[in-house]
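Notebook open, structure loaded. I want to look up a few spots one by one and jot down what I find.

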Amino acid sequence: MISGALSPVQEVVADALRLPKEKVTEEASMETLPEWDSFGHLNILVALHKRFDGKTKEIPGLAKATSVKRLAELIREGGLL
Amino acid sequence: MAQAAGRFHARISAIEYALPQRSEENSALQADNPDWDLGKIYRKTGVSRRYVAAPGQTAADLCVEAAEKLFASGAARREEISALLFCTQSPDYALPTTACVLQDRLGLSTRTLAFDFNLGCSGFVYGLAIAGSLIEGGLCDCALLLCGETYTKYISPNDRTCRPIFSDAGSATVIERSARPLIGPFDLGTDGSGFCNLMVPNSGARQQGGGNGQVKDAHLKMDGPSVFMFTLSAVPQNVQDLLKKAGASQEAVDLFVFHQASRVVLDSIAENLKLPPEKIIRDLDQVGNTVSATIPIALRRAQEQGKLKMGQRLLLCGFGVGYSWGSCLVEWEPRT
């Protein structure tokens, strides 16, 4: 279940992309948000890195996760939430 | 895991560098790519100006220019050189070894041992390790380490990831035997599982794609997010491993000179290691990412600006394409 991880990830993504949280839904991804381009994705990775005290570097595949759901899944599986 | 421990009775004696005549500011990128957001790009890269080698100008040419500048300054004499190491991923030829050509072009003794080694961002640190090993092993007394690249020749003009970052340059560093061990220890590593995240496909013996009459892609490709995550994973650990090996603390290091990859990478490393800003050499804005030449160029420019003092303890750290990484400690005691 990734539900517990969705909200924190949504918050981080919203902050990183400088969007209101309500615009970053559970379905948000690189395909649905124009702000989530390659630079936006880098901002998200940096923000997640800070949010989780550097532990995201231990999660394989995170760099290629380009949706809120997939990020939340990996964060959850990585034991960070 | 590959590691090289120990300190070498060698020192960095002198460094010089050369940049192509033509440089390109970010406004030039806009002209070619009107839809690019240059403000966003600059915030990530920290690069305002890149240098672009002329058609027909190679990494070897730039290194010759750097080496001749070094010899002309009197910092070293070509007669003293007994080893020539050329670090590049843009050799003049697949064969012969470009270092052999350079031995002749630079008028070095035919008793010089010379070879190329193919590394990118970690190349300068690996080069110091090789030169130090040759000196410590009695194979030479004075080595010339040339690090040069012309990555711009691999980059598509519309590549928003690579074009704003990479720059061409050549550097020449003399490393010579010293009474005290001034270079080392080292901590070096490799993870080839990430090889495809920064590569030029179809640039060597292994060919891919190109079926059905399609032209094979031979442009530099970088998966920025994956390379970024590798950096966060490998670099802070590498620095900590090196300091542990040296029995030293971060506080004992006077200056950190990281490979000048991009602003976001340097910021993230600094934050991760909690390094005070005044201890980090940053030299990205006006030169760009010159791959294996970033560290020697940053050192030389810091020296020119009076930022380096004799006896300072420097931590050098290169990381990137391969993936390959390495760090070392150096006591700064050049000849001049």
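**Entry 1: a buried asparagine.** I started with B:Asn238, which counts as buried because its relative accessibility is 2%, well inside the cut-off of under 20%. Worth noting at the outset that I am working from a predicted model. I looked up where B:Asn238 sits, and the place is helix 6 of chain B. What does the side chain of B:Asn238 make a polar contact with? I found the side chain of B:Asp187, at 3.0 Å. Skipping residues up to four places away in sequence, I listed what B:Asn238 touches: B:Asp187 again, plus B:Cys317, B:Trp325, B:Gly326 and B:Ser327.

**Entry 2: a glycine in a loop.** Next I went to B:Gly322, in the loop between strand 12 and strand 13 of chain B. Is B:Gly322 buried, exposed or partly exposed? I get 29% relative accessibility, so B:Gly322 counts as partly exposed. With neighbours within four places in sequence left aside, its contacts are B:Asp191, B:Gly192, B:Gly194 and B:Phe195. I also checked B:Gly322 against B:Ala129: they are 193 residues apart in sequence, and their C-alpha atoms are 18 Å apart in space.

**Entry 3: the nonpolar cores.** I then pulled up the largest nonpolar core, which has 71 residues. Which members touch the most others? I noted A:Val13 and A:Leu71 from chain A, and B:Phe166, B:Phe228, B:Phe258, B:Leu315 and B:Phe319 from chain B. In chain A, the elements giving two or more residues to this core are helix 1 (3-17), helix 2 (38-51) and helix 3 (68-77). On the chain B side I wrote down helix 6 (224-246), strand 11 (255-258), helix 7 (263-273), strand 12 (313-320) and strand 13 (324-331). Helix 6 of chain B gives the most to this core, with 10 residues. Another core lies apart from it, with 38 residues, including B:Ala10, B:Leu314, B:Leu316 and B:Val330.

I took a second look at B:Phe228. Not counting residues up to four places away in sequence, B:Phe228 touches A:Leu42, A:Leu45 and A:Val46 in chain A, and B:Val264, B:Val265 and B:Ser268 in chain B.

**Entry 4: where the chains meet.** That sent me to the interface. Chain A puts 15 residues into the contact and chain B puts in 17 residues. I get about 1,500 Å² of area buried between chain A and chain B, with 62% of it from carbon and sulfur atoms. On the chain A side, A:Phe39, A:Leu42 and A:Lys57 lose the most area to chain B, together 40% of what that side buries. How many salt bridges does the rule find across the interface of chain A and chain B? I count four salt bridges. One I looked up is B:Lys40 with A:Asp37, where the closest N and O atoms are 3.0 Å apart. I also have six residue pairs in polar contact between chain A and chain B, both residues at pLDDT 80 or more.

**Entry 5: strand 7 of chain B.** Last stop for today. Why is strand 7 (residues 169-177) of chain B largely enclosed by the rest of the structure? Because eight of its nine residues are buried. I checked its pairings too. Strand 1 (residues 10-18) of chain B runs antiparallel to strand 7, joined by eight bridges, and B:Ala10 has B:Arg177 as its bridge partner there. Strand 6 (residues 142-149) of chain B is also antiparallel to strand 7, with eight bridges, and B:Ala143 is partnered with B:Ile175.

Note on methods: Residues numbered from 1 in each chain as written. Chains lettered and ligands numbered in written order. Predicted model: local features only at pLDDT ≥ 70, side-chain atom pairs only at ≥ 80, totals over all residues. Heavy atoms only, no water. Buried < 20%, exposed > 50% of the residue type's maximum accessible area, 1.4 Å probe, protein only. Helix = DSSP H or I, 4+ residues; strand = E, 2+ residues; numbered from the N terminus. Pairing = 2+ DSSP bridges. Core = buried A, V, L, I, M, F, W, Y, C linked by side-chain atoms within 4.5 Å. Contact = heavy atoms within 4.5 Å. Buried area = accessible area lost by both parts, 1.4 Å probe. Salt bridge = Lys/Arg side-chain N within 4 Å of Asp/Glu carboxyl O. Polar contact = N/O pair within 3.5 Å; in protein donor to acceptor, adjacent residues only side chain to side chain.
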